[in-house]
Amino acid sequence: MKKNIAVLPGDGIGPEIVQEAVKVLDAVAKAYDHEFNYNYADVGAIAIDKTGTPLPEPTLKTSLESDAVLFGAIGDPKYDNNPNAKVRPEQGLLTIRKALGLFCNIRPVKTFDALLHQSPLKEERVKGTDFEMYRELTGGIYFGEKKLSADKNTASDLCQYSKVEIERIAHKAFAAARKRRNILTLVDKANVLETSRLWRRVITAMHEETYSDVELRYLFVDNAAMQMILAPNQFDVMLTSNLFGDIISDEGSVIGGSIGLLPSASIGETHALFEPIHGSFPQGAGKGIANPIAMILSASMMLTHFGMDDESTAVRNAVVLALEKGVCTPEIFPLNNYTTSDVGDFIANIIS
Ligand code: IPM
Ligand code: MN
């Protein structure tokens, strides 16, 4: 198969981890006789430095014209603590999500047996954790009207959802549950928020009409945050709105022992983007210590999206082997001295 992939390395450790994902994809292309063409483009702080905007027009065009986007990470400390910054790297990510219509963000939280001892939680609680978070990505408070009063003393962010926005992601989440352990947990704040009550009505109706074979559970987000720590292995598919999903997916990401392990897929009707959950880790840039596994697993999700299931599984299996053999960066195996590119080499070699 021939695929055009837009590669947006971004900031901080982004370029280093993207390089390893491309190395692994090249190994896949060779072993399975595919052709992957990579079209590189700038996004984030580096794009602001070069052009004044975090998502320059050519980057958007390349992304729109590609079969998928491989996205590294964005963010730079010089913007983080400056509420008056006119442009921010994060706007690049939000704009591309909206422009590509990527309403469905999938974040799998699956622990690796070889790393259970790394988890901040007790091993017996974490064991067997394998759930997928479906986070709505192009609506809600992230994209509602923002206001700041003339005297700058009052501000608001509107949280708005429509039935259509809820239904289109819920279809994907119900379908995912059917292929897994058949449980869908809707995470919301329906005891307080009108938007959450709309989510409940819409999801309950869909459940009755089309998905009654799936077990539907409801959980308030504050309770969900607690349950994820108490018994993360109770979840199968979680479905939630943009902001709640942002927060609890970071919580989910450390359950397995390192934030450097978790990939994500952002899917729309016509486009798809794959990125690790972690940020740009600027302090780690250029040192060869960034864990490339979340990025490599994001590439594996991209292969699944292309219908290349065997290839995707081969990448995942190679990652599991690397972790079993202790081949990973210092935050996981501090004594083993493997660099970012050693980890990529090891995984690519297994595939080729
Ligand atoms: C994420 C990130 C983004 C978000 C930021 C960088 C805009 O935290 O993908 O979870 O809040 O969605
Ligand atoms: Mn986040």
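In this predicted model, six residue pairs, both members at pLDDT 80 or more, are in polar contact between domain 1 and domain 2. On the domain 1 side of this interface, H5, strand E12 (272-276), helix H11 (293-305) and helix H12 (309-324) each supply at least two of the residues that touch domain 2. Helix H11 gives the largest share of that side, namely five residues.

**The two domains**

The domain assignment of the chain places residues 1-103 together with 268-352 in domain 1, and residues 113-263 in domain 2. Taken over C-alpha atoms, the centres of domain 1 and domain 2 are separated by 23 Å. Where the two meet, 21 residues of domain 1 are in contact with 20 residues of domain 2. About 1900 Å² of area is buried between domain 1 and domain 2, and carbon and sulfur atoms give 69% of this area. Polar contacts do occur between the domains, as the six residue pairs show, but zero salt bridges are found by the rule across the interface of domain 1 and domain 2.

**One helix and its two sides**

Helix H3, which covers residues 57-65, has Thr59, Leu60, Thr62 and Ser63 as buried residues. Seen down the axis of H3, these buried residues fall within an arc of 160°, and they therefore line one face of the helix. The face of H3 that is turned away from this buried side carries Glu57, Pro58 and Glu65, which are exposed. As for what lies against the buried residues of H3, they pack against strand E1 (2-10), strand E2 (35-40), strand E3 (68-73) and helix H5 (89-99). Helix H5 thus appears in two settings, since H5 is among the elements packed against by the buried residues of H3, and H5 also supplies at least two residues of the side of domain 1 that touches domain 2.

**Salt bridges**

Side chains of opposite charge can pair when their charged atoms come close. A search of the whole structure finds 19 salt bridges, including the three in the table.

| Basic residue | Acidic residue | N to O distance |
|---|---|---|
| Lys78 | Asp49 | 3.4 Å |
| Arg200 | Asp188 | 2.7 Å |
| Arg197 | Glu194 | 3.0 Å |

The side chains of Lys78 and Asp49 meet in a salt bridge. Because Lys78 lies in helix H4 (residues 77-80) and Asp49 in helix H2 (residues 45-51), this pair ties together parts that are 29 residues apart in sequence. Lys78 counts as partly exposed, at 48% relative accessibility, while Asp49, at 53%, counts as exposed.

Arg200 forms a salt bridge with Asp188, and since Arg200 belongs to helix H8 (residues 194-209) and Asp188 to strand E8 (residues 183-188), the pair ties together parts that are twelve residues apart in sequence. Is Asp188 buried or exposed? With 2% relative accessibility, Asp188 counts as buried.

Helix H8 also holds a salt bridge between Arg197 and Glu194. Being three residues apart in helix H8, Arg197 and Glu194 are separated by about one helical turn, and Arg197, with 30% relative accessibility, counts as partly exposed.

Which residues are linked in a network of salt bridges? Lys110, Asp130, Glu132, Arg180 and Asp236 are linked in this way.

Key. Residues are numbered from 1 along each chain as its sequence is written. Chains are lettered from A and ligands numbered from 1 in the order in which they are written. This is a predicted model: local features need pLDDT of at least 70, side-chain atom pairs count only at pLDDT 80 or more; totals for chains, interfaces and linings use all residues. Side-chain values use heavy atoms; hydrogens and water are left out. Buried means under 20% relative accessible area, exposed over 50%, partly exposed in between (1.4 Å probe, protein chains only). Helices (H or I, at least four residues) and strands (E, at least two) are DSSP runs, numbered from the N terminus. The arc is that of the directions from the helix axis to the C-beta atoms. Contact means heavy atoms within 4.5 Å. Domain bounds come from an automatic or database domain assignment. Buried area is the accessible area (1.4 Å probe) that two parts lose on being put together, summed over both. A salt bridge is a side-chain nitrogen of Lys or Arg within 4 Å of a carboxyl oxygen of Asp or Glu. A polar contact is a pair of N or O atoms within 3.5 Å; within protein, one must be able to donate a hydrogen and the other to accept it, and residues adjacent in sequence count only if both atoms are side-chain atoms.
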